[in-house]
Amino acid sequence: MILRHVTSVSKLESIRAEGLRSGAYLTDNDDIESYYIETVQDEGEEPVVLAVDLSSLDKKSLKPDQPGIDEPIMTALDMDEEEIWEEWENTRRKDWKACLELIGTVMYAQAIPPEVILVCDGDDMRPLVDQSPKP
């Protein structure tokens, strides 16, 4: 499974050097991704979508997106705030999987190394960092 993170192009050099910081939010929801693309554009920046394969992450560091449950992006979800809260409260396992199913986002509690990050260009993805052998 591929999870995505939207940021601005101006942050790519820092991410290329350090990766995504601990506490980065990831999504598998196209509407959430579009919301954040528009948010970056509204801030006068050029957006970029980064991707990470779930298999390259430590599952113990995946956490529910509590701010996303507390104040959901209702324009991107088919439920209102009360419905989201009610469904979350009725969820037996309040883990990252339940959060991803409910609101399409999770938080990652470790830094994500640049070597596992991909840059999305439409349907194509390329590594953030060049991993070819150096002569």
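## Helix α2

The face of α2 that is turned away from its buried side carries two exposed residues, Asp30 and Asp42. This description concerns a predicted model. Three residues of α2 are buried: Ile32, Glu33 and Val40. They lie on the same side of α2, because the arc they cover around the axis is only 100°. The cover over the buried residues of α2 includes the strands β1, β2, β3 (47–53) and β5 (105–108), together with helix α5 (96–103).

The length of α2 can be checked against its residue count. With 13 residues at 1.5 Å a residue, α2 should span 18 Å, and its end C-alpha atoms are 18 Å apart, so the two values agree.

## Helix α5

How many of the eight residues of α5 are buried? Six of them are, so α5 is largely enclosed by the rest of the structure. The buried residues of α5 are Trp96, Ala98, Cys99, Leu100, Leu102 and Ile103.

These buried residues pack against strands β1, β4 (62–64) and β5, and against helices α2, α3 and α4 (81–89). Helix α5 is also among the elements that cover the buried residues of α2.

## The largest pocket

The largest pocket holds about 670 Å³ of space. Its lining is made up of 32 residues, and those nearest the centre of the pocket are His5, Val6, Thr7, Ala24 and Tyr25. Sorted by class, the lining has 14 nonpolar residues, nine polar ones and nine charged ones.

Which elements each supply at least two residues of this lining? They are the strands β1 (2–8) and β2 (24–27) and the helices α1 (12–18), α2 (30–42) and α3 (66–70).

## Val48 in strand β3

Val48 is found in strand β3. Is Val48 buried or exposed? Its relative accessible area is 9%, and because buried means under 20%, Val48 counts as buried.

Leaving aside neighbours within four places in sequence, Val48 is in contact with His5, Val6, Thr7, Ser8, Val9, Leu12 and Val119. For one of these residues, His5, there is also a C-alpha distance: Val48 and His5 are 43 residues apart along the chain, and their C-alpha atoms are separated by 8.4 Å. Three of the contact residues of Val48, namely His5, Val6 and Thr7, are also among the lining residues nearest the centre of the largest pocket.

## Lys63 in strand β4

Lys63 is found in strand β4. Lys63 is partly exposed, with a relative accessible area of 34%. Not counting neighbours within four places in sequence, the contacts of Lys63 are Trp96, Val106, Met107 and Ala109. Trp96 is one of the buried residues of α5.

Ala98, another buried residue of α5, is 35 residues from Lys63 in sequence and 9.9 Å from Lys63 in space, C-alpha to C-alpha.

## Two loop residues

Glu43 is found in the loop between α2 and β3. Glu43 is exposed, with a relative accessible area of 59%. Measuring from C-alpha to C-alpha, Glu43 and Ser8 are 9.5 Å apart in space, while in sequence they are 35 residues apart.

Gln110 is found in the loop between β5 and β6 (117–121). Gln110 is partly exposed, its relative accessible area being 33%. Which residues does Gln110 touch, not counting those up to four places away in sequence? They are Leu20, Arg21, Ser22, Gly23, Asp58 and Ser61. Gln110 and Asp121 are 11 residues apart along the chain, and 25 Å separates their C-alpha atoms.

Key: Residues are numbered from 1 along each chain as its sequence is written. This is a predicted model: local features need pLDDT of at least 70, side-chain atom pairs count only at pLDDT 80 or more; totals for chains, interfaces and linings use all residues. Side-chain values use heavy atoms; hydrogens and water are left out. On a 1 Å grid over the protein atoms alone, a cavity is a set of points where a 1.4 Å probe fits but cannot get out, and a pocket is an open set with protein on both sides within 12 Å along at least five of seven lines; lining residues have an atom within 4 Å of a point. Grid points are joined across faces, edges and corners, and a volume is the space filled by probe spheres set on the points. Helices (H or I, at least four residues) and strands (E, at least two) are DSSP runs, numbered from the N terminus. Ala, Val, Leu, Ile, Met, Phe, Trp, Tyr, Cys and Pro count as nonpolar, Asp, Glu, Lys and Arg as charged, and the others, Gly among them, as polar. The expected span of a helix is 1.5 Å times one less than its number of residues. Buried means under 20% relative accessible area, exposed over 50%, partly exposed in between (1.4 Å probe, protein chains only). The arc is that of the directions from the helix axis to the C-beta atoms. Contact means heavy atoms within 4.5 Å.
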